[in-house]
Amino acid sequence: MPIPRSGVLAAVVLMVVTLSPGGTAAGGTRDGDAAAQLRKAANKARTDLQAATRQMEDRRRALAGSQDKLRATLKDLAAADAQFDRIRGPLSRLANASYQQPGVVGSMAVFGSGGDMSALRSTADVDHLADAQQSLISQADRLQKRKQELASAAQELQSENAVAQTRLKQQIDGLKQKSAQLTAQLEGMLRKLDPDKRLELGCDKSLASESTKFPNGLIPDKFLCPLPQKGMKLRADAALAFYKVNAAYRRRFGHNMCVTSSYRSLADQHRVYAERPGFAAVPGTSNHGKGQAVDLCDGVENQGSTQFNWMKANSGKYGWFHPTWAYSNPFEPWHWEYGTDSEH
Ligand SMILES: [Zn+2]
């Protein structure tokens, strides 16, 4: 069975064409569609490759079975050969005897090896000897026939297996090629995505609930998602919302938001606390330690600035807000949080 390689590749190529600049993706933002398309294409590539791999494995198993059959046939052939060799001697003696003494054949041929010749003759059981001759000849016939059958079966299996081996090798080469092509195509699609979308694809929302199982400031790195700002990280749900507010900010101000602090480990919070005791949150209580707070710059840190006011007016749409306490206790216009406003 041939692999439906051309179908898979055509589908991927179609996706790439749809995603390329100027492509017409219907509904929603083009990048939103692109991310969904990429996920879909990756899933399809994976299932197609899995199906083709299973097909190849079936073929490999069938070939192994056929090779076993070939081995068994060759073994049978060797056994038939050995059996034939055992009767070859008596058979040729029988032939010689019948040529020299047409009357007394069998006795000499089958048993005749010198000493007991006269004893054999004395039994004069000619019928019995004739039966023995006849049985020897038909045994030889049967064995010859079986040897021919086995030899031709083995030859057939050998050539079938050679063809199957070639096809299997072609299929494996095809799979390797297909896997490489699909990987390259999908990577190409990924590169075409907007950097925020790339981060979004890599940020698994389900990690958010996992990360809440860890104490404040002790969330392992793998449960956090990176922000576009180098070295900055947040809990998955906060990060996903941050990508959106950051994109809106960039549309308004022409560049990414400026972040001086995001998730803070317990040790980092301790350092901040040690510098400003009474102002910074006590280690183990900060929303930075939950991965759902950022400290901003680029003007946002000044209450009443254009940037601060823009954030005040727009961040709520994306689940971000400036907490009530941060207006006075202590005054931290740069501090923004994800979730719901609660005094703490
Ligand atoms: Zn802060």
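Biologist: I would like to start with a single residue: leaving aside its neighbours within four places in sequence, which residues is R250 in contact with?

Modeller: Once the neighbours within four places in sequence are set aside, R250 is in contact with D194, D196, H255 and N256. Please keep in mind throughout that this is a predicted model, and that R250 has its place in helix α8, which covers residues 236-253.

Biologist: How should I read the accessibility of R250, and why does R250 count as partly exposed?

Modeller: A residue is called buried under 20% relative accessible area and exposed over 50%, with partly exposed in between. R250 has 26% relative accessibility, and therefore counts as partly exposed.

Biologist: What does the protein chain look like as a whole, and how many helices and strands does the protein chain have?

Modeller: The protein chain has ten helices and six strands, and of its 344 residues, 36% are buried. If one takes the contacts between residues at least 6 apart in sequence, 65% of them join residues at least 24 apart.

Biologist: Four of the strands form an open sheet, so I would like to know in which order they stand.

Modeller: The order in this open sheet is β3-β4-β6-β5, and the pairing is antiparallel. The edge strands are β3 and β5, the latter at 320-321, and each of them pairs on one side only. Going across the sheet, β3 (residues 259-261) and β4 are joined over two bridges, and here S261 stands opposite D295 of β4. Three bridges then join β4 to β6, a strand of residues 335-338, with V294 opposite W336 and D295 having H335 as its bridge partner. Finally, β5 and β6 pair over two bridges, where W320 stands opposite Y338 of β6.

Biologist: How do I read the two faces of a strand, and which residues of β4 lie on one side and which on the other?

Modeller: In a regular strand, side chains alternate between the two faces of the sheet. In β4, which runs over residues 293-296, A293 and D295 lie on one side while V294 and L296 lie on the other, and all four are buried, which leaves both faces of the strand covered. For β6, H335 and E337 point one way and W336 and Y338 the other way, and these residues are all buried as well.

Biologist: The model also holds a zinc ion; which residues are its protein donors?

Modeller: The protein donors are H288 through NE2, D295 through OD and H335 through ND1, and they lie 2.0 Å from the zinc ion. Along the chain, these donors follow the spacing H-x6-D-x39-H. Two of them link distant parts of the chain, as D295 belongs to strand β4 and H335 to strand β6, 40 residues apart. Both D295 and H335 are buried.

Biologist: How is a pocket found, and how much space lies in the largest pocket?

Modeller: The general idea is that rolling a probe the size of a water molecule over the atoms shows where empty space is left. In this model, about 380 Å³ of space lies in the largest pocket. Its lining comes from 22 residues, of which F279, A280, A281, W325 and E332 are the closest to its centre. The elements that give two or more residues to this lining are α9 (266-275) and β6, and α9 gives the most, with three residues. By kind, the lining residues divide into seven nonpolar, nine polar and six charged.

Biologist: Turning to the backbone, where does a cis peptide bond occur?

Modeller: A cis peptide bond joins N329 and P330, with omega at about -10°, and P330 is found in the loop between β5 and β6.

Biologist: One more backbone angle puzzles me: what is the phi of D298, and is D298 in a helix, a strand or a loop?

Modeller: Phi of D298 is near 65°, which is a positive value in a residue other than glycine. D298 is found in the loop between β4 and α10, the helix at 306-314. Its relative accessible area is 27%, so D298 is partly exposed.

Note on methods: Residues numbered from 1 in each chain as written. Predicted model: local features only at pLDDT ≥ 70, side-chain atom pairs only at ≥ 80, totals over all residues. Heavy atoms only, no water. Buried < 20%, exposed > 50% of the residue type's maximum accessible area, 1.4 Å probe, protein only. Pairing = 2+ DSSP bridges. Donors = N, O, S within 2.8 Å, 3.2 Å for Na, K, Ca; no water. 1 Å grid on protein atoms, 1.4 Å probe; cavity = no way out; pocket = protein on both sides within 12 Å on 5 of 7 lines; lining within 4 Å. Points joined across faces, edges and corners; volume = space filled by probe spheres on them. Nonpolar A, V, L, I, M, F, W, Y, C, P; charged D, E, K, R; others polar. Contact = heavy atoms within 4.5 Å.
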